[in-house]
2 protein chains.
Amino acid sequence: MEYAAIHHQPFSTDAYSYDGRTVHIKIRTKKGDADHIRFIWGDPYEYNDGKWSANEQPMRKIAATEMHDYWFAEVVPPFRRLQYAFVVTDDHEDIFFGSSGVCPYNEKTLETIHYYFKFPFVHEADTFQAPEWVKSTVWYQIFPERFANGREDLSPKNALPWGSKDPDVNDFFGGDLQGIVDKLDYLEDLGVNGIYLTPIFSAPSNHKYDTLDYFSIDPHFGDPELFRTLVSQLHQRGMRIMLDAVFNHIGSASPQWQDVVKNGDQSRYKDWFHIHSFPVTDDNYDRFAFTADMPKLNTANPEVQKYLLDIALYWIREFDIDGWRLDVANEVDHVFWKTFRQAVSTEKPDVYILGEIWHSAEPWLRGDEFHAAMNYPFTEPMIEYFADQTISASRMAHRVNAHLMNGMKQANEVMFNLLDSHDTKRLLTRCRNDEKKARALLAFMFAQTGSPCIYYGTEIGLNGENDPLCRKCMVWEKEKQNQDMLQFMKRLIALRKQENTLLTEGHLEWNLLDDKNDFISFSRTLDEKILIYFFNQGNVVQHVSLRELNIDRNKKICDAWTEQPLQHHDVIAVQPGEFLILSAAAPV
Amino acid sequence: MEYAAIHHQPFSTDAYSYDGRTVHIKIRTKKGDADHIRFIWGDPYEYNDGKWSANEQPMRKIAATEMHDYWFAEVVPPFRRLQYAFVVTDDHEDIFFGSSGVCPYNEKTLETIHYYFKFPFVHEADTFQAPEWVKSTVWYQIFPERFANGREDLSPKNALPWGSKDPDVNDFFGGDLQGIVDKLDYLEDLGVNGIYLTPIFSAPSNHKYDTLDYFSIDPHFGDPELFRTLVSQLHQRGMRIMLDAVFNHIGSASPQWQDVVKNGDQSRYKDWFHIHSFPVTDDNYDRFAFTADMPKLNTANPEVQKYLLDIALYWIREFDIDGWRLDVANEVDHVFWKTFRQAVSTEKPDVYILGEIWHSAEPWLRGDEFHAAMNYPFTEPMIEYFADQTISASRMAHRVNAHLMNGMKQANEVMFNLLDSHDTKRLLTRCRNDEKKARALLAFMFAQTGSPCIYYGTEIGLNGENDPLCRKCMVWEKEKQNQDMLQFMKRLIALRKQENTLLTEGHLEWNLLDDKNDFISFSRTLDEKILIYFFNQGNVVQHVSLRELNIDRNKKICDAWTEQPLQHHDVIAVQPGEFLILSAAAPV
């Protein structure tokens, strides 16, 4: 057994409160090393005849990656206090693994209390919790300047005719909030129930990430009343709205920055930024990346904190928005985000706080900052497998597993899963315009835990290379829309919403990872219901014999996509590039 | 190479801001696996001709445990943003290790940006910082009821004559604050410069952990004016004072609990506790351990939070105390401790916040809660080696290393290192009354990073089994005091204060771990100065030949204990049970 590969980190995503009473525990061993693991646990103060009274239960192997097996146990400590360790067994030895690492599995070790890990007290207050509604949300991301032009009168003077060319960096086409209001029936029909708008506040550029005034709607997008109309109509349709807050940096055209440029170290805003020397030149201050017109805000300054918190609360109080997506969230300090979370959640407890973080977001998802992050690291391996075809099915599954194992279950359940955005190539382009691939990839992502999001136009076949080409005008002429894709998306969204609890909380099990034939199968199970997915990314047809799936005879099986009932003896062909979703549940 | 044993956790004690500019990075490999490791790093946004411009530097192996080698690098990212990965090399391969685990070390991997770990921005606000004065503090823990009786008139009626018997659980002997004031010369002469008092607030018991009123000094200990005198006299002598706050639970005699017992669910305090049903019985509420007269406080209740914060601020505002030691700190929720830290550090920025945590305290030492924890897990292996003789020298060193590697360097530097307390056997008793062992163990602990603390009476040879026997009356009669031990402690404390910066920040290197002969050597190095320690816990004399230590010829060597100069050719005998400390520095 490879002792050096055994790993459990107390007080992390390896040991956390799931719901204020239940503790989830994970431990990692070298792949194939351990046959089984026993979880030893008890209340640290409970003794019988001078001996610590411990319980024992088997752990369940819930995932594997290239290198490791992951084992899981959950317990509800009666007095909310927990002391625990592990006994790892392979074919020729048992070892004790605790806070001092590997020890011989004997009476003396078991009695040495400081060899045990501790989970001192399970506090509701320290439990990661997220707004419940997020679990049943399918998101739709809109880049307002390119969705729909509902008010020609608002459009910038230099606005080009809608869709007249592929966009350049500084082009304007006149999309606005009225355009979104006008298309709410379309969005409701599509089935999405959460709208994420990239920034809508006053800013010179078409993307509006160079904020001029956080308290005003950009005049080319509309005005407060129009925005109020949009929000209320969304809410009436049971839909939610999330705005984009750019707090890492501000636009150089903003009055605050202009004051500093003008008045140098006499400016009242000089400490709102990270300025290294005065007067301000074009390279003596911190900015977003190396973008001179996006000076970085000093979020450690109480004045800046108050200014940004006022903004956050203003759009909640005045317009009842439902979420904040936080741009470049990872480069702002944790101390500010904790203050932000306290203020926002106090104002409206079920506001969803989503951070733009392209890497492991674990430190922001500990319960006192964000509810979720944009889950790029989770979907990247899926894209590399389906679209790029640069990694094998098992490598993709292992990286998906590794990502899930790096999170708390209840955090994974509300992550923001996306395959493309205004910051990436469009999905279809990444799939080299292979529509079938794009559909399979969408179906695969929609089958995972977390809230799925589609980027505007995916549903009608928009493509595009990286920014600015991923920000083309939405196509509204039906005949230019890919209607097959639209129907497909409506069905996929409907299926997700129908099976939402299972796909959010259900256990993920990989049944088949056939690298040679590029044939994948996994199941999502919750209580008595199971969805079994098959993806054929190979070149030959694959046949699924239902009998071989060992589904309980009393369970009703059907094709979840077509809702056609199936028989236990059926054999179903899955053509190259296609997928199959079986649903098995006890008859109602 | 054992890929499955390679481990680096981003956003943890493996990757942290040391001082608001410098990032410390650690990675762990299987012991003996890697020959060297290269640290690849750069600003995530810095590209040259479309290629990410990365830097490369070798990592240093800084520690080993039974299973692992630990490698270290520190960098100062020019724009405070960092993207990094590792190249691990053994005798026949190089591998790339990044956020997606092990990858082939080739151009394609190096160019895949999402394979890199991120440290998005080095923020001062997110940097763990502690009061500077703690690094130069040698602490003295006092159990007030048993230190000195300065005011017979304050003593409880049933107080026993001082030191007339070994204490039983409920005995009183009349120690008080006046007794401490009377002994300040003694303490100053001893050399300690930080006093930690176990609770002094009104409470029925002799230990006062069953608080009756947090706002009043126990009448048997004194009154506010006497306490003010004690604090001011300590401060005049350049000494600090830390009080003990018992916020996990309150005494059952407290008015709040009595009100709940009397008025049940009509009591205004009913939500101050975790009461499962009414009326209150003796087992339907949460308490400390299973101690009925210590009902657990509900620190998620805003009223309780305010009550406890007012207490914390009262003793700082009114009496200018310097530190809070937080009893059973691990069982109170993190949300409350973050509020506590904000309130206390705002009131008096250099107050030291010390949590009583007997296990890994990493989650409380992330910069927004405690400055330190009582470092029992750090000293336990030292005690098991020197006193219990149940583990080998190398096992002890490995567990010491593992503990240090689990912390940020600047947190390790202010941990509260103790060998015994009111909650453990006395050191001398744990050493089976072998005074030489106790001295060696004290010298070993005083040589480590972190602030050392001695428990009252250790310096004059007090012994005692676990509570209550570890709480005997202090012995003041000179002839009953172990004067050798007293002189030894004065010298040890003086040496620690003299070499404080080196012993706090210096690098620890194990030179020799001879399990067979129980002969240990390690060095502490900072800039040009080095202290080399030798501990002979074997049965035969050991000889240290200075020439073999390869100390720079131009360096002056002396016996740090006796301050006697030594020659480079000297050979020094270290008798069984003894220790030697050599000091080598460039001539002044």
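The legends below describe close-up views of a predicted model with chains A and B.

**View 1. Chain A is divided into four assigned domains.** Domain 1 covers residues 3-119, and domain 2 is built from two segments, 132-248 and 299-502. Domain 3 (252-297) falls between those two segments in the numbering, and domain 4 spans 506-585. Between the C-alpha centres of domain 3 of chain A and domain 4 of chain A the distance is 58 Å.

**View 2. A rotation relates chain A to chain B.** Chain A is superposed on chain B by a turn of 180° with 0.0 Å of shift along the axis, and the RMSD is 0.0 Å. The two copies are therefore related as by a two-fold rotation axis. Within chain A, the residue that comes closest to this axis is A:Ala5, whose C-alpha lies at 2.0 Å. Both copies use the same surface, since 100% of the contact residues of chain A recur in chain B.

**View 3. Chain A and chain B meet in a shared contact.** Each chain contributes 58 residues to the contact. About 4900 Å² is buried between chain A and chain B, and carbon and sulfur atoms give 55% of this area. Three residues, A:Phe11, A:Tyr45 and A:Phe290, supply 13% of the area that chain A buries against chain B, more than any other three residues.

**View 4. An open sheet of eight parallel strands is found in chain B.** The strand order is E20-E19-E18-E17-E14-E13-E22-E21. Strands E20 (372-373) and E21 (416-418) stand at the edges with a single partner strand each, so one side of each has no neighbour in the sheet. Strand E13 (residues 139-142) and strand E14 (residues 194-197) run parallel and are joined by four bridges. B:Gln141 is placed opposite B:Tyr196 of strand E14.

**View 5. B:Tyr456 is a buried residue in a loop of chain B.** The loop runs between strand E22 (451-455) and helix H13 (483-498). The relative accessible area of B:Tyr456 is 0%. Beyond its neighbours within four places in sequence, B:Tyr456 is in contact with several residues, among them B:Tyr140, B:Gln141, B:Arg426, B:Cys470 and B:Met474. Another of these contacts is B:Phe147; the C-alpha atoms of B:Tyr456 and B:Phe147 are 7.4 Å apart, although 309 residues separate the two along the chain.

**View 6. The structure holds zero disulfides over all chains.** For A:Cys470, which is in no disulfide, the nearest cysteine sulfur is that of A:Cys473, 13 Å away. A:Cys470 is buried, at 0% relative accessible area. In chain B, the sulfur of B:Cys431 lies 15 Å from the closest cysteine sulfur, that of B:Cys470, which is too far for a bond. B:Cys431 is also buried, with a relative accessible area of 1%.

**View 7. Two cis peptide bonds precede prolines in loops of chain A.** The bond from A:Phe278 to A:Pro279 is cis, with omega near -10°. A:Pro279 lies in the loop between helix H5 (255-263) and helix H6 (302-319). The bond joining A:Asp467 and A:Pro468 is cis with omega of about 5°, and A:Pro468 belongs to the loop between strand E22 (451-455) and helix H13 (483-498).

**View 8. A:Gln389 has a positive phi although it is not a glycine.** Its phi is about 55°. A:Gln389 lies in the loop between helix H8 (376-388) and helix H9 (393-405) of chain A. A:Gln389 is partly exposed, at 47% relative accessible area.

Note on methods: Residues are numbered from 1 along each chain as its sequence is written. Chains are lettered from A and ligands numbered from 1 in the order in which they are written. This is a predicted model: local features need pLDDT of at least 70, side-chain atom pairs count only at pLDDT 80 or more; totals for chains, interfaces and linings use all residues. Side-chain values use heavy atoms; hydrogens and water are left out. Domain bounds come from an automatic or database domain assignment. Copies are superposed by least squares on the C-alpha atoms of residues with pLDDT of at least 70 in both. Contact means heavy atoms within 4.5 Å. A disulfide is a pair of cysteine sulfur atoms within 2.5 Å. Buried means under 20% relative accessible area, exposed over 50%, partly exposed in between (1.4 Å probe, protein chains only). Two strands pair if DSSP finds at least two bridges between them. Buried area is the accessible area (1.4 Å probe) that two parts lose on being put together, summed over both.
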